[in-house]
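Visitor: Please take me through one sheet of this protein in detail. I would like the strand order, the pairing and a few partner residues.

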Amino acid sequence: MLVPVQAGYSQLVSMEAEDCALADGAVLAADVYGTEYPGYSGAGFVWVANAGTLTFQVSIPENGMYELSTRCWMYLGNEGETMLQVYSINGQSQGDFYIPNQGGWIDFSFGYAYIERGTATIEIGSSGSWGFILYDTVTFDYADMPDYNISSTPCDGNATTVFLTLVNDTNDTKMVALSELDKIPDIQNIGNEGAWWLYFCPWYGSFITDGTTNPTSLLYTIYNSQYVLTMDEMPFSTTTTSTYSTTTSPGGGTLGEVNNDGSINIVDALLIAQYYVGLITQFC
Ligand SMILES: [Ca+2]
């Protein structure tokens, strides 16, 4: 069953952080060792020194993508430095998030997560968090995404979590890939969850041919998807690394040489792939 996700509902949760259940060292405060952090709302803020959790429960009305965000202040070190924070849904970590010190309160999004209908327990400051942060408010809402259709069959949530973690680790400045895998992610859920891996490379042999690890229908769908470039669609042979044949286009340029660096290589292929899925609109 496909369930459309729609933005525009009233916010599911919008609360003072200090109204969450606080544990493991998280405490309500109005200052930290006498230093004030003005501009908070409510009774104060939640001070998480080197450990502490904030927990709340939310009723998830339908399967879909949801977003957790917070107003917070990472107060340690110099501006620009970051501290790793983790949050979890129903006990499952949603990845590592490096919240920067920006010298004041900031609105920080923990990104999107696919959650199924029911009651979800959200925990901020889960195991692995470094702390040294203040939380003023917490917001949990439908993800503000286009009206994608969400498959009732979730893909590998761990794969999506890893993707988001890698993107966060590089401040979204590098592309990330599935260099090896057994099960190929569902292309619809890749789109739904925004986990746009640069490429995927499944193990060969029975992983492809047993009809179970990667069902034929999945292979057919993903290799024919408009969002997936297969090797035969590359502008050059991908089986040789020493010599490429080139073709001169009617306009005088060389087909496949999109960044004008004098050679046709994987960089051109990656640029074409980005262009194809709409991540860039021009090559130079
Ligand atoms: Ca507050």
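Guide: Start at the pair S8 and S13. Strand S13 covers residues 118-124. It pairs with S8 in the antiparallel sense, over 7 bridges. Within this pair, serine 59 stands opposite threonine 119 in S13. Strands here are DSSP runs of E of at least two residues, helices are runs of H or I of at least four residues, and both are numbered from the N terminus. Two strands count as paired if DSSP finds at least two bridges between them.

This is a predicted model: local features need pLDDT of at least 70, side-chain atom pairs count only at pLDDT 80 or more, and totals for chains, interfaces and linings use all residues. Residues are numbered from 1 along each chain as its sequence is written.

S8 spans residues 53-60 and also pairs with S3, residues 21-23. These two run antiparallel and are joined by 3 bridges. Alanine 21 has threonine 55 of S8 as its bridge partner.

Now the whole sheet. It is open, has 5 strands and follows the order S3-S8-S13-S10-S11, with antiparallel pairing. S3 and S11 (92-100) are the edge strands, each pairing on one side only. From one strand to the next, the twist averages 25° (axes are lines fitted to C-alpha atoms, for helices over the stretch in contact; angles run from 0 to 180 degrees between N-to-C directions).

Finish at S10 and S11. S10 takes in residues 82-89. It runs antiparallel to S11, and 7 bridges join the two. Isoleucine 89 is partnered by glutamine 92 in S11.

For context, the protein chain has 5 helices and 17 strands.
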